[in-house]
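Here are a few exercises to work through with the model open in your viewer. Try each one before you read the solution.

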Amino acid sequence: MRKVVATKGFSAPLKGETIVPPDKSVSHRSLIIGSLTRGKIKISNFLKSADCLATLDILKALGCEIEFLNENTLFLNAQNAYKEPVSDLYCGNSGTTMRLMTGLLSAQNIKCRLTGDVSLSKRPMKRIIEPLSAMGARIKSNEGKAPLTIEQAKLNGIEYISPIASAQVKSALLLAGAQTRESATTVLEPHLSRDHSERMLKFFGSNIKIFRKDNLFGSTISYTPLIPKDLTVTGDISSAAFLLVAAATIKNSDLILKGIGLNPTRTGIIDVLKAMNADIEILSRNEISGEEIGDIRIKYSPDLKGIKIEGEIIPRLIDEIPIIALLATQAEGKTVIKNASDLKNKESDRIASVARELKKFGAKIEPTDDGFIIDGKNGGNGLLEGNCEVDCYHDHRIAMMGYIAGLISKKPCRINDFEWVETSFPNFLKTFENLQS
């Protein structure tokens, strides 16, 4: 059902403590890599969102038994995985599901077909098809896009130099390589992309090695039986980013976010906030299930400044760029975002959609081939106008960006198709209501 949300403009401050949803990337992998243990495990703090449930339903169709104990805790029994499915495996809107499951299933002795919704069916899959095919996988596609038909094949390890830093490409190859018994698989990338797969494979006992070769970042994996272990998912820093930016830009806000994942390959948003002069600090650090975790405090930051964002930091904040673009509209001076052309291949073309929607608020933002040029306050008050309707293009991050823009605008706005927020942050509106009460 189509959901339309309205904001009133000039939000009340965000105060107090809160938690954010469990990490979407880690939740996907807890199921996928957990199933490779072929055992029984308990997964705590799992994100019960549309994307992660697509992964869950596929694993059930492949023979895994999954039972929820409560809203965010489940048991996974993969002793009877992977049976050949009786129908197509539907990935919904989830690129992570399709790409990682393709890597996993390419090494299984079954035939299956992965499908997705209209948006996912437009996204590029050649980036995983080509290296998996080099390993011996047999994958048929619709001109490099979904649906993907995977047929029985015997895989061999390869060394692959990825032209882009992509956690999904890397993870697909590592998942295939983890099941290839004759030879090791090595993946090299120009910058270090998020490393949740490597950490979780290591947590479950995989024979995986991480290294640096010249200017490339590498991972090598060879077959070893994985050990079933219970696992807890950290809080999602990509979801936290919307609260961090909201608190930094809404007057008198003072917010503490609890239990946030602080994996160094994901904390680019924190580095950017610090560089832009935000009042932010990490209060504590710990480790859980192979991932770093901690609490973050952020306060209203009236003296934000524009910066340049490019190079190796981009893979560490690629999903946060829409909300960073909004943050830049509230900074003094110019912000330039470069080397982010892969934004075009997300749930929407985020270069086009971010620029189009922020311009509706009166923001001075120009799209480029690989990012944005954003003129901030430049001596003015930096206020956005509002009085507009935001379209989200089936993209949860555009919808949430539009909502935050509406909170710091002079006039009300409407965000259309807000149901897409269920993809990653099901309690988004309730969280904000609780912090503003």
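**Exercise 1.** Is Phe-428 buried or exposed? Do the same for its ring partner, and work out how the two rings sit.

*Solution.* Keep in mind that this is a predicted model.

Step 1: get the accessibility. Phe-428 comes out at 1% relative accessibility. The cut-off for buried is under 20%, so Phe-428 counts as buried.

Step 2: look for the partner. A search through the whole structure turns up eight aromatic pairs. One of them joins Phe-428 to Phe-432, with 4.9 Å centre to centre and 50° between the planes. Stacked needs under 30 degrees and edge-to-face needs over 60, so this pair goes down as tilted.

Step 3: check the partner's burial. Phe-432 has 0% relative accessibility, so Phe-432 is buried too.

Step 4: place the pair in the fold. Both residues belong to helix α12 (residues 428-436). They are four residues apart, which is about one turn of the helix.

Step 5: widen the view. Phe-428 and Phe-432 belong to one aromatic cluster together with Tyr-403, Phe-418 and Phe-425.

**Exercise 2.** Which rings have Arg-181 and Lys-229 over their faces?

*Solution.* Take the two charges in turn.

Step 1: Arg-181 sits over the face of Tyr-223, 4.1 Å from the ring centre.

Step 2: Lys-229 sits over the face of Phe-203, and here the distance to the ring centre is 4.9 Å.

**Exercise 3.** What lines the largest pocket, and which element gives the most to that lining?

*Solution.* Start with the pocket, then move to its walls.

Step 1: the volume of the largest pocket is about 640 Å³.

Step 2: its lining is made up of 38 residues, and those nearest the centre are Ala-165, Ser-166, Ile-318, Asp-342 and Lys-346.

Step 3: sort the lining by type. You get 16 charged, 14 polar and eight nonpolar residues.

Step 4: assign elements. Two or more lining residues come from each of α1 (24-35), α3 (95-106) and α5 (167-177). The top contributor is α1, with four residues.

**Exercise 4.** How many residues of α1 are buried, and how far does α1 reach from its first C-alpha to its last?

*Solution.* Two quick checks will do.

Step 1: go along the helix and count. In α1, 12 of 12 residues are buried, so the helix is mostly covered. Among them are Lys-24, His-28 and Arg-29, as well as Leu-31 and Ile-32.

Step 2: compare the span with expectation. The 12 residues of α1 reach 17 Å, close to the 16 Å expected at 1.5 Å a residue.

Definitions and conventions. Residues are numbered from 1 along each chain as its sequence is written. This is a predicted model: local features need pLDDT of at least 70, side-chain atom pairs count only at pLDDT 80 or more; totals for chains, interfaces and linings use all residues. Side-chain values use heavy atoms; hydrogens and water are left out. Rings of Phe, Tyr and Trp (its six-membered ring) pair if their centres lie within 6.5 Å; planes under 30 degrees apart count as stacked, over 60 as edge-to-face and the rest as tilted. Buried means under 20% relative accessible area, exposed over 50%, partly exposed in between (1.4 Å probe, protein chains only). A charge sits over a ring if NZ of Lys or CZ of Arg is within 6 Å of the ring centre and within 35 degrees of the ring normal. On a 1 Å grid over the protein atoms alone, a cavity is a set of points where a 1.4 Å probe fits but cannot get out, and a pocket is an open set with protein on both sides within 12 Å along at least five of seven lines; lining residues have an atom within 4 Å of a point. Grid points are joined across faces, edges and corners, and a volume is the space filled by probe spheres set on the points. Ala, Val, Leu, Ile, Met, Phe, Trp, Tyr, Cys and Pro count as nonpolar, Asp, Glu, Lys and Arg as charged, and the others, Gly among them, as polar. The expected span of a helix is 1.5 Å times one less than its number of residues.
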